[in-house]
Amino acid sequence: MNKLVRINTKTNEVKVEDVPEELRSLGGRGLTSRIIRQEVDPICHPLGPDNKLVIAPGILTGTPAPNTGRISVGGKSPLTGGIKESNSGGTFAQKMAKLGLQALILEDKPEQKSAPKVIYVNKDGIKVEEMPELANLGTYASSEKLFAKYGNKVGILVIGPAGENLRLNSSIQFTDPKGRPARAAGRGGLGAVMGSKGVKAIVVDDQGASGVSFADKDEFKATTKRWTEILRSHPVTSQGLPSFGTAILINIINEAGALPTQNFRQGRFDKAAQVSGEKIAENIEKRGGVVKEGCHPGCIIQCSQAYVDEKGDYITSGFEYETVWAMGPNTLIDNLDDIAQLDRLCDDLGMDTIETGNTIAVAMEAGIVPWGDGKGAIELLKRIYDPKDYLGKIIANGAAFTGEALGVDRVPVVKRQALPAYDPRSVKGVGVTYATTPMGADHTAGYAVCQNVLKVGGCINPLQKEGNVEVSKNLQIATAAIDSLGFCLFVAFAILDSQDALDVVAKMLTAKTGKKWTVDDIINLGVEVLKDELSFNKDAGFTKAQDQLPEFFRKEPLPPHNTVWDFSIEELQQAKVLA
């Protein structure tokens, strides 16, 4: 990967540049955050012309190494007001890498709204064209039209009505190997940044591309063999996730007393078994869906599925733990088919499911929809398709905005981004991550659930403070590196329990790039990514006061353990690399 592509969305001018020397060893999140830090004014308006949207595959993406098909999207977040990297699977990243593109950068914005634009990229060049027929279409219908025009072998990045209408909770959707736009760069509202630039979709066609290059192809092949063995020998990546998907965590986290229920009032849901990964697999097998599949070519974990209704008709895929929790226990909805429809709506509208589930809970707090009313929640989300519907506008702007609009004070957010599916009072390590990551509340930024609950890579008491700041800091560094390399985050389970895993990754990087990589280099990469992100947020006006959870977590004991959030702001600063 040795080219940067800059597309001026005001003039449609395309510039293809050689990658500067200082950026050549970066990819994924490391590259998106570095470009945003260097080129975007931290105090600019996120939907204005000075913000940029950067799309970058990881350093190892496009290679035969398993589970390296991730893509990073970066920009200044309309939701949090800080820097943002959102990560996704799908086919787009590998196709982009095989074309030799290290990053696509959308710059400026049109002076006035016009027909949606589509950017088409192949080995012969890049063109920008209008497709008015895509205006305000959902991502499923848009993808069908794009496949019909460009062929069924392309990879598609597309926004839905939420992004087009600049809603703060708008995702960017990517098509999976079966052509479904069900993989999301969900968090932070980056779909609105893309919408502000008048771009509906980017289509990448890698047919005839030369593919990625290797400094030592034979060594890379040999090292990849060991990497594959590591993933296939770990019980989480070889058994748990393929058998039941990520929703296997529903029963596990519920048993741990950390499953946020009814907007974080309790740590257990009495109907958890009805929405569990085991129940999802049972429904899929009985109805003729697909129990396991990969979100991108080369995935050997296969934690995704295709969920179908009672007639065997497809509803949604990538039916993940966070989504099931957000739309289920968090809102007291216990009907899996309703939850699946809510997931499908989010993918089609182009919205993050975690933020949306929390927003529905806030709306339930306000009495807009009764608790547990799945059909009512479905009708609420459908209102977002109408750009003139005022309640739809409110809901599509996320939990914090909705709480302000409806006068609700129980709103579980950090830096205006909604909390994921682990109550921080019962999983304190991940609570530290929620509070201190530059991304806003985000479990993937430092997944201390591993040590707190799953006992992978160590064992740290989830109910007490000791050790949880340190583990969050270390995991935030490691995750920033993983996101930069193009790995699926779930490889971390195997890495944490394998003595030679990081050495193997370093050898793969050396064989790919020709530059000598060590384990220390990988760790330093993560540190540098976080320095870029934290310094951007500091210049954007963030202070340590924003590194804390909402007050109700500190005041309300969480059943069944009756623990509270008890970290001070000063204690939390020790989790940050610049502390």
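**Exercise 1.** Which residue in S5 stands opposite Lys76? Find it, then work out how strand S4 sits among its partners.

*Solution.* Welcome to this predicted model! Let us go step by step.

- Step 1: Lys76 faces Ile83 in S5.
- Step 2: Widen the view to the whole pair. S4 (residues 71–76) and S5 (residues 83–88) run antiparallel, joined by 6 bridges.
- Step 3: Look at the link. The two strands make a hairpin with 6 residues between them, and Gly81 in the turn has a positive phi of about 80°.
- Step 4: Turn to the other partner. Strand S3 (residues 53–57) is antiparallel to S4, with 4 bridges, and Ile55 stands opposite Val73.

**Exercise 2.** Which way do the residues of S4 point, and are they buried or exposed?

*Solution.*

- Step 1: In a regular strand, side chains alternate between the two faces of the sheet.
- Step 2: Sort the residues: Ile71, Val73 and Gly75 point one way, while Ser72, Gly74 and Lys76 point the other way.
- Step 3: Check the cover. Being buried means having under 20% relative accessible area, and 6 of the 6 residues of S4 are buried.

**Exercise 3.** Which residues have the most contacts inside the largest nonpolar core?

*Solution.*

- Step 1: The core has 72 residues, and those with the most contacts inside it are Ile250, Ile253, Tyr321, Trp325, Leu381 and Tyr422.
- Step 2: Helix H11 (residues 336–349) gives this core its largest share, 7 residues.
- Step 3: Another core, of 47 residues, lies apart from it; among its members are Leu60 and Val577.
- Step 4: Zoom in on Ile253. Beyond its neighbours within four places in sequence, Ile253 touches residues including Tyr321, Tyr422 and Val449.

Terms used:
Residues numbered from 1 in each chain as written. Predicted model: local features only at pLDDT ≥ 70, side-chain atom pairs only at ≥ 80, totals over all residues. Heavy atoms only, no water. Core = buried A, V, L, I, M, F, W, Y, C linked by side-chain atoms within 4.5 Å. Buried < 20%, exposed > 50% of the residue type's maximum accessible area, 1.4 Å probe, protein only. Contact = heavy atoms within 4.5 Å. Pairing = 2+ DSSP bridges.
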